[in-house]
Amino acid sequence: QAKEKGRNQVQLFESGMNIRAVNLMKISGELHQALEKNQMELHYQPQFRLSDGKLIGVEALVRWNKPGAGLIYPGDFIPLAEQTGMILPLGQWILTTACRQLQRWLADGLGPLRMAINLSARQFRQPGLAQDIARLLGELKLDPRSIELEITESMLMEEMEMAVATMTSLNRLGVKLAIDDFGTGYSSLAYLKRFPIHRLKIDKSFIKDLARQAEDRAIVGSIITLAHSMKIAVIAEGIEDEYQLQQLSRQACDEGQGYLLARPMPVAEIEQLLRQDFHHPALGS
Ligand code: C2E
Ligand code: MG
Ligand code: MG
Ligand code: MG
């Protein structure tokens with residue numbers, strides 16, 4: 001009886017696994033098709049210097065324009081792409097597309113401009129990442145210093161030696177490195193000195209309650225002070241209101257990004273801002 005029950009459970013478990021595997025295969029195929037059919041798009045969200053409001057960079061954010069389904073946001077397919085391995089060709093497409101776009105803008109005189117590109121965990125662990133990027137930048141004759149790669153704390157903390165090696169080779173290339181969603185992971189500020197990092201992106205969860213939470217103001221203030229003492233620049237993400245903006249300016253945060261300032265937008269829209277050397281009216285004196 002018990003044996004019988006056990007066997008059924010095993011079968012259930014296995015068929016559950018199969019459903020999951022089949023689903024992942026299906027999604028993997030769909031993502032593959034999406035890439036081949038040019039259904040992936042990059043949108044660009046402006047990054048502003050808080051002292052004078054100058055638009056000095058953009059972050060590339062991927063969207064899947066799936067026929068009949070509209071725009072699908074990365075939260076709904078990046079984790080699946082990561083699980084199926086499709087993140088590698090997708091990540092390659094993102095890197096190439098963002099770098100080509102920047103190259104075109106710079107050739108059109110729309111620079112100087114920095115292009116921030118998110119790397120996935122698998123991409124970051126992929127051997128040869130630095131060589132691939134070096135080759136791409138060489139082909140495009142793009143100044144590596146205009147590229148900023150965003151990685152998360154968890155990517156640094158697991159297999160730390162490999163992470164340090166990868167970051168060192170990327171740093172030698174001349175590309176910049178930013179820690180995304182900073183403050184949500186397990187890294188301590190003390191670790192930062194081990195890594196060649198140019199920028200911290202304070203996670204939006206700390207920005208959200210800046211008005212109401214004295215603790216969040218203190219955390220943000222300490223991150224900024226410590227980063228600056230290590231010659232690391234700071235950008236705040238998720239700025240949604242005037243209060244947050246004022247508070248961050250007062251705390252000497254270098255840059256900001258968020259819906260209050262500008263949303264992620266398609267190429268044609270961001271080009272309008274770049275053409276007019278846009279400075280945000282809410283900033284500067
Ligand atoms: P992230 O890199 O931290 O990107 C910031 C996310 O916050 C973006 O969401 C952006 O649209 C959103 N955001 C910007 N301003 C505000 C604001 O004021 N308030 C709020 N609530 N949100 C704001 P998105 O585009 O949905 O991307 C979500 C995440 O997906 C990204 O977080 C990143 O981890 C991942 N992702 C996006 N594009 C790529 C990519 O090209 N490659 C990889 N590997 N991951 C990507
Ligand atoms: Mg990011
Ligand atoms: Mg982030
Ligand atoms: Mg995030």
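These exercises with worked solutions walk through a predicted model of a protein with bound magnesium ions.

Local features are kept at pLDDT of at least 70 and side-chain atom pairs count only at pLDDT 80 or more, while totals for chains, interfaces and linings use all residues. Residues are numbered from 1 along each chain as its sequence is written, chains are lettered from A and ligands numbered from 1 in the order in which they are written, and side-chain values use heavy atoms, with hydrogens and water left out.

**Exercise 1. Find the protein donors of the magnesium ion (ligand 2), and say where Glu-59 and Glu-150 sit.**

Step 1. Donors here are N, O and S atoms within 2.8 Å of the metal (3.2 Å for Na, K and Ca); water is not among the atoms, so sites may look incomplete.

Step 2. With that rule, the donors are Glu-59 (OE), Asn-118 (OD1), Glu-150 (OE) and Asp-180 (OD), at 2.0 to 2.2 Å from the ion. Their spacing along the chain reads E-x58-N-x31-E-x29-D.

Step 3. Glu-59 belongs to strand β2 (residues 55-66) and Glu-150 to strand β5 (residues 147-152), so this pair, 91 residues apart, links distant parts of the chain; helices (H or I, at least four residues) and strands (E, at least two) are DSSP runs, numbered from the N terminus.

Step 4. Both glutamates, Glu-59 and Glu-150, are buried. Buried means under 20% relative accessible area, exposed over 50%, and partly exposed in between (1.4 Å probe, protein chains only).

**Exercise 2. Which residue bridges the magnesium ion (ligand 2) and the magnesium ion (ligand 3), and what coordinates the magnesium ion (ligand 3)?**

Step 1. The bridging residue is Asp-180, and the two ions lie 4.1 Å apart.

Step 2. The magnesium ion (ligand 3) is held at 2.1 to 2.5 Å by Asp-180 (OD), Asp-181 (OD) and Glu-237, with Glu-237 (OE) listed twice. Along the chain these donors follow D-D-x55-E.

Step 3. Asp-181 is in strand β6 (residues 176-182), whereas Glu-237 is in the loop between β8 (233-236) and α10 (242-250), 56 residues apart.

Step 4. Now compare accessibility. Asp-181 is partly exposed, at a relative accessible area of 25%, and Glu-237 is buried, at 8%.

**Exercise 3. Trace how β4 pairs with β2 and β5.**

Step 1. Two strands pair if DSSP finds at least two bridges between them.

Step 2. β2 and β4 run parallel and are joined by four bridges; Gly-57 has Arg-114 of β4 as its bridge partner.

Step 3. β4 and β5 also pair in the parallel sense, over four bridges. Here Asn-118 has Glu-150 of β5 as its partner, and both of these residues are donors of the magnesium ion (ligand 2).

Step 4. Four of the five residues of strand β4 (residues 114-118) are buried, so β4 is largely enclosed by the rest of the structure.

**Exercise 4. Which residues touch the most other members of the largest nonpolar core?**

Step 1. A nonpolar core is a set of buried Ala, Val, Leu, Ile, Met, Phe, Trp, Tyr and Cys residues joined through side-chain atoms within 4.5 Å.

Step 2. The largest one has 78 residues, and Met-115, Phe-124, Ile-147 and Leu-149 touch the most other members. Helix α3 (residues 87-107) gives the largest share, eight residues.

Step 3. Take Ile-147 as a case. Counting contact as heavy atoms within 4.5 Å, and leaving out residues up to four places away in sequence, the partners of Ile-147 include Cys-99, Leu-102, Met-115 and Val-175.

**Exercise 5. Describe the largest pocket: what is its volume, and which residues lie nearest its centre?**

Step 1. On a 1 Å grid over the protein atoms alone, a pocket is an open set of points with protein on both sides within 12 Å along at least five of seven lines, and lining residues have an atom within 4 Å of a point. Grid points are joined across faces, edges and corners, and a volume is the space filled by probe spheres set on the points.

Step 2. The volume is about 860 Å³.

Step 3. Of the 34 lining residues, Glu-59, Leu-61, Pro-74, Asn-118 and Asp-180 lie nearest the centre. β2 supplies the largest share of the lining, five residues.

Conventions. On a 1 Å grid over the protein atoms alone, a cavity is a set of points where a 1.4 Å probe fits but cannot get out, and a pocket is an open set with protein on both sides within 12 Å along at least five of seven lines; lining residues have an atom within 4 Å of a point.
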